[in-house]
Amino acid sequence: MRGAVLCAALVAVVPASAGAQSISLTEREAVARLSAASPRVRALQAGVEVARAEASAAGRWPNPRLTFDRESVAGATEYLTMVSQPLPVSGRRGFDMQAAAEQVSATSARVTDGVRRLRADLRLAFADLQWAQVRERELTIVRDRLAELAGVLGRREAAGDAAGYDRLRAEREVLNVGADLASAAIDRGRAQAGLASFLDGVDPAGVVVSGDTAPRGPVPSLEALLARAEVSRGELLALRHDADAARLAARAAERRRLPEPEVVAGTKSSTVGTGDIGSVLMVHATLPLFDQAKPEAALASAREAQATARTEAFRLVLRGDIAALRITAVERRDAADRYRAEVLRSTGEIERIAQVSYDAGERGILELLDAFRVTAEARLRQAALDLAVRRAEIELEFTTGWELPL
């Protein structure tokens with residue numbers, strides 16, 4: 001019965017990916033798979049093509065217009081064939097084209113931010129899977145050691161050197177850790193699916209990540225991060241392009257007050273007399289007496305004011321976010337380093353002392369099992385602290401546009 005209990009605890013947490021073909025990825029390799037051909041990236045880039053297509057309408061020349069007229073009265077018939085061509089010479093078309101180009105630049109900047117957000121989310125998913133793997137590995141180690149201890153206690157009980165309570169308590173601890181390990185396996189499977197959603201054609205059950213979880217170099221100063229964000233954050237650049245587009249749209253609205261001529265040329269013939277054919281030349285122009293493009297000018301001014309206000313608000317929020325994220329990253333690094341230096345170095349010693357004391361009869365089974373738990377919890381807490389550091393770094397990198405080398 002005792003062997004069946006231990007076997008059940010051992011096989012209950014067999015990784016779901018055991019039958020799947022594994023693919024091991026470092027963070028650099030995972031990010032490299034998020035190429036321009038990725039469906040998620042292509043979905044974002046499609047927005048730029050749509051903006052370009054819409055902007056192309058601003059540069060269109062008006063089509064010429066063909067007019068055929070037949071007039072007949074008192075036995076005389078006249079025929080007029082004319083072609084009219086509007087001439088956009090006021091300069092409005094040029095400003096419209098520049099404003100449309102600024103809108104394309106704004107869309108492109110936002111798409112760039114979207115791709116960077118996608119990269120950051122992929123790296124967060126990578127970090128989550130890395131933590132899940134570490135947690136599952138550490139729990140497996142402690143479960144195996146506890147199972148070995150339970151086996152030793154079972155043999156000692158059979159020889160009359162140990163109490164049955166010690167063996168039962170060790171087996172109960174194996175089952176408890178086995179339950180935690182089953183939960184860790186579920187979390188690992190969920191993290192695998194999360195990372196695989198960024199990778200085209202990858203079986204989630206076979207995704208394995210590798211690489212160092214330690215911080216990647218010093219965090220730049222707040223001033224350097226703010227300066228970097230000013231020139232790299234896509235949303236901030238897009239808002240500036242929005243303001244420029246609005247200013248150009250306002251100038252285009254001013255040019256609408258200038259008449260744009262429409263030249264008409266053609267021929268005229270009549271059945272009167274010898275039926276000679278003559279020429280026709282006319283010039284039309286719209287006089288801006290009632291419609292002086294005031295609504296268009298007001299709309300452009302309002303959009304410029306809106307873009308300017310949003311730029312200042314975004315810059316203010318961005319500064320606060322960067323300051324908070326930098327403090328978070330630095331303090332989490334310090335906490336992880338202190339824990340690694342002050343706690344992990346003593347955990348192995350605690351377990352060794354507890355084992356020696358138990359073998360000497362100085363301590364009971366509860367103290368020994370507690371030492372096993374303390375060791376496992378210390379390693380898991382260190383992994384959790386490293387994960388928190390990595391997540392803070394990734395968010396800081398996205399917010400500022402600064403990325404540590406992978």
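The questions and answers below concern a predicted model of one protein chain.

Q: What makes D166 count as buried or exposed?
A: D166 has a relative accessible area of 13%, and buried means under 20%, so D166 is called buried. This residue lies in helix α5, and, leaving aside its neighbours within four places in sequence, D166 is in contact with L153, Y358 and I365.

Q: How far apart are D166 and A224 in sequence and in space?
A: Along the sequence, D166 and A224 are 58 residues apart, while from C-alpha to C-alpha the two are 60 Å apart in space.

Q: Why is V89 called buried or exposed?
A: The relative accessible area of V89 is 58%, and the term exposed applies over 50%, so V89 is exposed. V89 is found in the loop between β3 (76–86) and α4.

Q: Which residues distant in sequence does V89 touch, and what makes these count as contacts?
A: Not counting residues up to four places away in sequence, V89 touches E260 and P261, where contact means heavy atoms within 4.5 Å. V89 and E260 are 171 residues apart along the chain, and their C-alpha atoms are separated by 6.2 Å; that separation refers to C-alpha atoms, whereas the contact cut-off refers to heavy atoms.

Q: Why is A127 called buried or exposed, and where is its place?
A: The relative accessibility of A127 is 5%, and the limit for buried is under 20%, so A127 counts as buried. The place of A127 is in helix α4, and, when neighbours within four places in sequence are left aside, A127 is in contact with L387 and R390. By contrast, A127 and T271 are 89 Å apart in space, C-alpha to C-alpha, with their positions 144 residues apart in sequence.

Q: What makes E27 count as buried or exposed?
A: E27 has a relative accessibility of 6%, which is to be set against the limit of under 20% for buried residues, and therefore E27 counts as buried. E27 is found in helix α2. Although E27 and F126 are 99 residues apart in sequence, their C-alpha atoms are 6.8 Å apart in space.

Q: What is notable about the phi of A293, and why is this residue called buried or exposed?
A: A293 has a positive phi of about 60 degrees although it is not a glycine, and this residue is found in the loop between β6 (277–284) and α8 (294–342). With a relative accessible area of 2% against the cut-off of under 20%, A293 is therefore buried.

Q: Which residues have the most contacts inside the largest nonpolar core, and what makes a set of residues such a core?
A: A nonpolar core is a set of buried residues of the nonpolar kinds, such as Ala, Val and Leu, joined through side-chain atoms within 4.5 Å. The largest one here has 22 residues, and those with the most contacts inside it are L122, L129, L195, L199 and V207. At least two residues of this core come from each of α2 (27–33), α3 (39–55), α4 (92–158), α5 (164–196) and β4 (207–209), and α4 gives the largest share, 8 residues. Apart from it lies another core, of 21 residues, including L139, L149, L153 and A170. In soluble globular proteins, nonpolar side chains tend to be buried together.

Q: With which residues is V207 in contact, leaving aside its neighbours within four places in sequence?
A: V207 is in contact with I23, L129, Q133, Q192, L195, A196 and V202; among them, L129 and L195 are, like V207, listed with the most contacts inside the largest nonpolar core.

Q: How do you know how the chain compares with a compact globule of 406 residues?
A: Such a globule would have a radius of gyration near 22 Å, but the chain has 37 Å. The C-alpha atoms fill a box of roughly 140 × 45 × 30 Å, taken along the principal axes. The chain has 10 helices and 6 strands, and buried residues make up 36% of its 406 residues.

Note on methods
Residues numbered from 1 in each chain as written. Predicted model: local features only at pLDDT ≥ 70, side-chain atom pairs only at ≥ 80, totals over all residues. Heavy atoms only, no water. Buried < 20%, exposed > 50% of the residue type's maximum accessible area, 1.4 Å probe, protein only. Helix = DSSP H or I, 4+ residues; strand = E, 2+ residues; numbered from the N terminus. Rg over C-alpha atoms; globule rule 2.2 N^0.38 Å.
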